[in-house]
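Work through the following exercises with the sequence and the structure at hand. Each task is followed by a solution that proceeds step by step.

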Amino acid sequence: MKFYPLIFEPIFKDRIWGGSKLKSYLNKYIVSETTGESWEISSIPGDISVVNTGVLKGKNINEIIELYPEEILGKNVIARFGNQFPLLFKFIDAKEDLSIQLHPNDALAKERHNSFGKTEMWYVMQADESARLVVGFKKDSNREEYVSHLENKNLVALLNESLVKKGDVFFLETGTIHAIGAGVVVAEIQQTSDVTYRIYDWDRLDVNGQGRELHTELALDAINYNATQSKIEYKEEANQSVSVVDCPYFKTKIVALQDRFIWKKTKDAFTVFMCTNGQFEMVVNGEILRYNMGDTILIPAIIEHVTLKGKATLLEISI
């Protein structure tokens with residue numbers, strides 16, 4: 001088997017708050033005007049990504065891991081997660097505000113849902129003027145204050161709202177209250193989990209006049225009531241990998257590709273590149289592969305080095 005970088009068929013999710021920027025901005029082939037998410041690589045049951053290029057085309061991610069576990073995942077990843085792909089990669093288009101929500105930690109998620117928790121990060125790809133994110137409390141709070149504001153529909157008064165621009169990075173530990181605001185497109189990296197506790201949905205109703213389910217009681221024990229510093233400051237360097245997030249679940253670097261970069265790793269773990277801007281070529285085993293903004297590429301663990309050429313901004317994610 002000659003291993004190669006893998007692209008998967010995106011899995012599109014229609015959302016009440018979604019729009020059409022995944023088509024107009026990222027050139028995704030969507031037909032709905034309310035597409036909120038493109039799941040780029042997923043092993044969530046019911047939403048298993050399928051390879052769309054090369055000799056493995058048509059096989060899903062679980063199947064190729066079953067066939068070639070160490071070659072795809074790497075021995076370090078297998079030691080921690082077995083044959084399960086441990087991350088979920090998305091592009092998100094918020095035409096309207098997402099609900100205010102949070103995610104439980106590993107212990108709660110395991111106990112209640114037999115799932116991983118959901119530590120995640122956002123990279124802002126595009127933001128309209130005055131667009132913002134809701135992330136955490138303005139100052140340390142507590143359960144009683146939170147419940148009082150929630151019952152009085154004044155929760156937002158406690159929360160920190162940040163104006164955002166292209167290139168901003170936010171790291172969200174489990175328990176952090178958050179929401180993506182209207183007019184923002186983000187790349188999202190997270191643990192393999194789809195467990196979300198929705199606590200406030202702006203009193204929004206669907207086409208049937210119904211509000212979406214809230215998870216008020218479940219959230220109480222899962223919230224981090226302390227103020228958090230979630231925005232990550234960093235400085236790009238041309239043709240270098242610059243670390244922006246390093247947590248127990250994933251490591252993310254930013255590559256500001258200006259012309260040419262020889263990229264190397266070990267065989268111990270896979271790497272994923274998300275192209276957030278520009279176009280580039282990847283030379284691997286003498287073959288030239290071409291990619292554009294909005295592409296998400298899985299580099300199997302067995303591939304130790306590639307050459308990147310072009311002008312692009314890449315998120316480089318590993319375990």
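**Exercise 1. Aromatic residues**

Task: In this predicted model, establish which residues form one aromatic cluster with Phe85, and describe the geometry of the aromatic pair of phenylalanine 81 and phenylalanine 116.

Solution. Step 1: The cluster is made up of Phe85, Phe89 and Phe270. Across the structure, ten aromatic pairs are found.

Step 2: One of these pairs joins phenylalanine 81 to phenylalanine 116, with the ring centres 6.1 Å apart and 80° between the planes. Since planes over 60 degrees apart count as edge-to-face, the pair of phenylalanine 81 and phenylalanine 116 is edge-to-face.

Step 3: Phenylalanine 81 belongs to helix α4 (residues 75-81), whereas phenylalanine 116 is in the loop between α5 and β7 (120-127), so the pair ties together parts that are 35 residues apart in sequence.

Step 4: The burial of the two partners is judged against the cut-off of 20% relative accessible area, under which a residue is buried. Phenylalanine 81, at 18% relative accessibility, counts as buried, and phenylalanine 116, at 26%, counts as partly exposed.

**Exercise 2. The nonpolar cores**

Task: Determine how many residues the largest nonpolar core has, and which residues have the most contacts inside it.

Solution. Step 1: The largest nonpolar core has 62 residues, and Phe85, Phe280 and Leu308 are those with the most contacts inside it. Its largest share, seven residues, is supplied by β18.

Step 2: A second, separate core has 21 residues, among them Ile177, Val195, Ala222 and Ile223.

Step 3: Apart from neighbours within four places in sequence, the contacts of phenylalanine 280 include Leu257, Tyr291, Ile297, Leu308 and Leu314.

**Exercise 3. Strand β18 and its partner**

Task: Describe how β18 and β20 pair, and state where valine 283 is placed.

Solution. Step 1: The pairing of β18 and β20 is antiparallel and extends over four bridges. Within it, phenylalanine 273 stands opposite isoleucine 297 of β20.

Step 2: In a regular strand, side chains alternate between the two faces of the sheet. In strand β20 (residues 296-299), Thr296 and Leu298 point one way and Ile297 and Ile299 the other way, and all are buried.

Step 3: Valine 283 is in strand β18 (residues 271-284), and its relative accessible area of 22% makes it partly exposed. Residues up to four places away in sequence being left aside, valine 283 touches Ile288, Val306, Thr307 and Lys309. Valine 283 and isoleucine 64 are 219 residues apart in sequence, and their C-alpha atoms are 23 Å apart in space.

**Exercise 4. The open sheet and lysine 13**

Task: Work out the strand order of the open sheet of seven strands, and find which residue in β2 stands opposite lysine 13.

Solution. Step 1: The order is β1-β2-β5-β12-β7-β10-β14, with antiparallel pairing. The edge strands, each of which pairs on one side only, are β1 (11-19) and β14.

Step 2: β1 and strand β2 (residues 35-41) run antiparallel and are joined by five bridges. In β2, the residue opposite lysine 13 is glutamate 37.

Step 3: The charged end of lysine 13 sits over the ring of tryptophan 39, at 4.7 Å from the ring centre.

**Exercise 5. Residues in loops**

Task: Decide whether serine 230 is buried or exposed, and compare the settings of asparagine 114 and aspartate 203.

Solution. Step 1: Serine 230 is in the loop between α7 (216-220) and β14 (231-232), and is buried, with a relative accessible area of 5%. Its side chain makes a polar contact of 3.3 Å with the side chain of threonine 228. With residues up to four places away in sequence not counted, serine 230 touches Val135, Val169, Phe170, Phe171, Leu172 and Thr176.

Step 2: At the start of helix α5 (residues 106-113), a side-chain oxygen of asparagine 105 comes to within 3.2 Å of the backbone nitrogen of alanine 107. Asparagine 114 follows α5 and is in the loop between α5 and β7. Its phi is near 50°, a positive value in a residue other than glycine, and at 57% relative accessibility asparagine 114 counts as exposed.

Step 3: Aspartate 203 lies in the loop between β13 (197-200) and α7. The phi of aspartate 203 is positive, near 55°, and at 47% relative accessibility aspartate 203 counts as partly exposed.

Terms used: Residues numbered from 1 in each chain as written. Predicted model: local features only at pLDDT ≥ 70, side-chain atom pairs only at ≥ 80, totals over all residues. Heavy atoms only, no water. Polar contact = N/O pair within 3.5 Å; in protein donor to acceptor, adjacent residues only side chain to side chain. Helix = DSSP H or I, 4+ residues; strand = E, 2+ residues; numbered from the N terminus. Buried < 20%, exposed > 50% of the residue type's maximum accessible area, 1.4 Å probe, protein only. Contact = heavy atoms within 4.5 Å. Core = buried A, V, L, I, M, F, W, Y, C linked by side-chain atoms within 4.5 Å. Phe/Tyr/Trp six-rings, centres within 6.5 Å; stacked < 30°, edge-to-face > 60°. Lys NZ or Arg CZ within 6 Å of the ring centre and 35° of its normal. Pairing = 2+ DSSP bridges.
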